[in-house]
Amino acid sequence: IIKNINENIYLSYSFCKSAPNSDNRHEEKIHDWRKKTLLGRNSIPVSGLINSVCQKRNNSYEKDKNSLAGKILRVTDDGSPAPGNPFNNLVFSYGHRNPQGIAWEASGKLWEVEHGQSATDEINLIEPGKNYGWPIIRGGETQSGMENPILQSGNDTWAPGGAALYNGSLFFGGLRGTALFEYKINSKELK
């Protein structure tokens with residue numbers, strides 16, 4: 001159950017100047033609260049707004065906890081770092097290539113689907129302060145201090161887009177092949 005929801009729609013955008021990525025609040029009101037869970041790459045948890053930011057062409061930014069590239073961010077309504085963020089800035093987790101969908105379980109677990117470079121797309125269970133490995137590890141590779149995905153596509157691609165949780169499953173779209181995938185969380189099956 002999502003609590004403390006206001007009636008704002010949150011948008012983010014990236015641009016190619018020297019300024020960092022920005023989160024901006026759009027003041028248009030909505031009245032169907034369910035729409036808030038369907039806003040693409042943004043997700044509204046109990047204690048802040050979660051936003052995903054893809055990597056830049058320079059792969060060094062994903063490891064830099066002060067850069068926004070390749071991160072999942074957690075911010076307050078006004079765009080400030082959410083209290084309790086692991087690095088006292090906007091960064092919630094890092095080492096992501098291209099997070100495409102995020103969704104919260106009622107229990108508070110945060111799920112994310114992410115594009116690999118040309119394969120090894122991922123389903124991740126996100127925890128604050130954790131490094132999800134890009135660009136050092138991908139797919140089934142391992143290294144100390146880096147998280148492995150819950151599931152990855154191997155040599156194939158799902159080209160995941162968006163994410164939603166329903167009835168114990170994580171659903172996400174497949175942009176290649178126009179598919180709808182269902183990951184059954186308890187049985188760890190992908191359909």
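**Exercise 1. Classify Glu182 in this predicted model as buried or exposed, and describe its surroundings.**

*Solution.* Start with the surface value: the relative accessible area of Glu182 is 18%. The cut-off for buried is under 20%, so Glu182 counts as buried.

Next, place the residue in its element. Glu182 belongs to strand S13, which covers residues 179-184.

Then list what surrounds Glu182. Setting aside neighbours within four places in sequence, its contacts are Ser169, Leu170 and Phe171, together with Glu189, Leu190 and Lys191.

Finally, look for a polar partner. The side chain of Glu182 meets the side chain of Ser169 in a polar contact of 2.7 Å.

**Exercise 2. Work out which strands pair with S13, and in what sense they run.**

*Solution.* Take S12 to begin with. This strand spans residues 169-174 and pairs with S13 in the antiparallel sense, over six bridges. For a landmark, find Leu170, whose bridge partner in S13 is Tyr183.

Now turn to S14, made of residues 189-190. S13 and S14 also run antiparallel, and two bridges join them. Here Tyr183 serves as a landmark again, with Leu190 as its bridge partner in S14.

**Exercise 3. Find which residue takes a positive phi in each of the two hairpins.**

*Solution.* Go through the connections one at a time. Between S12 and S13 there are four residues, and in this hairpin Gly177 has a positive phi near 90°.

Carry on to the hairpin of S13 and S14, which likewise has four residues between its strands. In that hairpin the residue to pick is Lys188, with a positive phi near 60°.

**Exercise 4. Describe the setting of Glu141, including how far its side chain is from the backbone nitrogen of Arg138.**

*Solution.* Locate the residue: Glu141 sits in the loop that links strand S9 (122-126) to strand S10 (151-152).

Check its surface value. Glu141 has a relative accessible area of 40%. Partly exposed covers the range between the 20% and 50% cut-offs, so Glu141 is partly exposed.

Look for contacts beyond four places in sequence, and you will find Ile136 and Asn148. The last step is the distance: the Glu141 side chain reaches the backbone nitrogen of Arg138 at 3.0 Å.

**Exercise 5. State what the average pLDDT of the protein is, and what the pLDDT is over residues 17-46.**

*Solution.* The average pLDDT is 77, and 71% of the residues score at least 70. Over residues 17-46, however, the pLDDT is below 50. In the model, that stretch has 75 contacts beyond near neighbours in sequence.

Key:
Residues are numbered from 1 along each chain as its sequence is written. This is a predicted model: local features need pLDDT of at least 70, side-chain atom pairs count only at pLDDT 80 or more; totals for chains, interfaces and linings use all residues. Side-chain values use heavy atoms; hydrogens and water are left out. Buried means under 20% relative accessible area, exposed over 50%, partly exposed in between (1.4 Å probe, protein chains only). Contact means heavy atoms within 4.5 Å. A polar contact is a pair of N or O atoms within 3.5 Å; within protein, one must be able to donate a hydrogen and the other to accept it, and residues adjacent in sequence count only if both atoms are side-chain atoms. Two strands pair if DSSP finds at least two bridges between them. pLDDT is the predictor's confidence in each residue, from 0 to 100.
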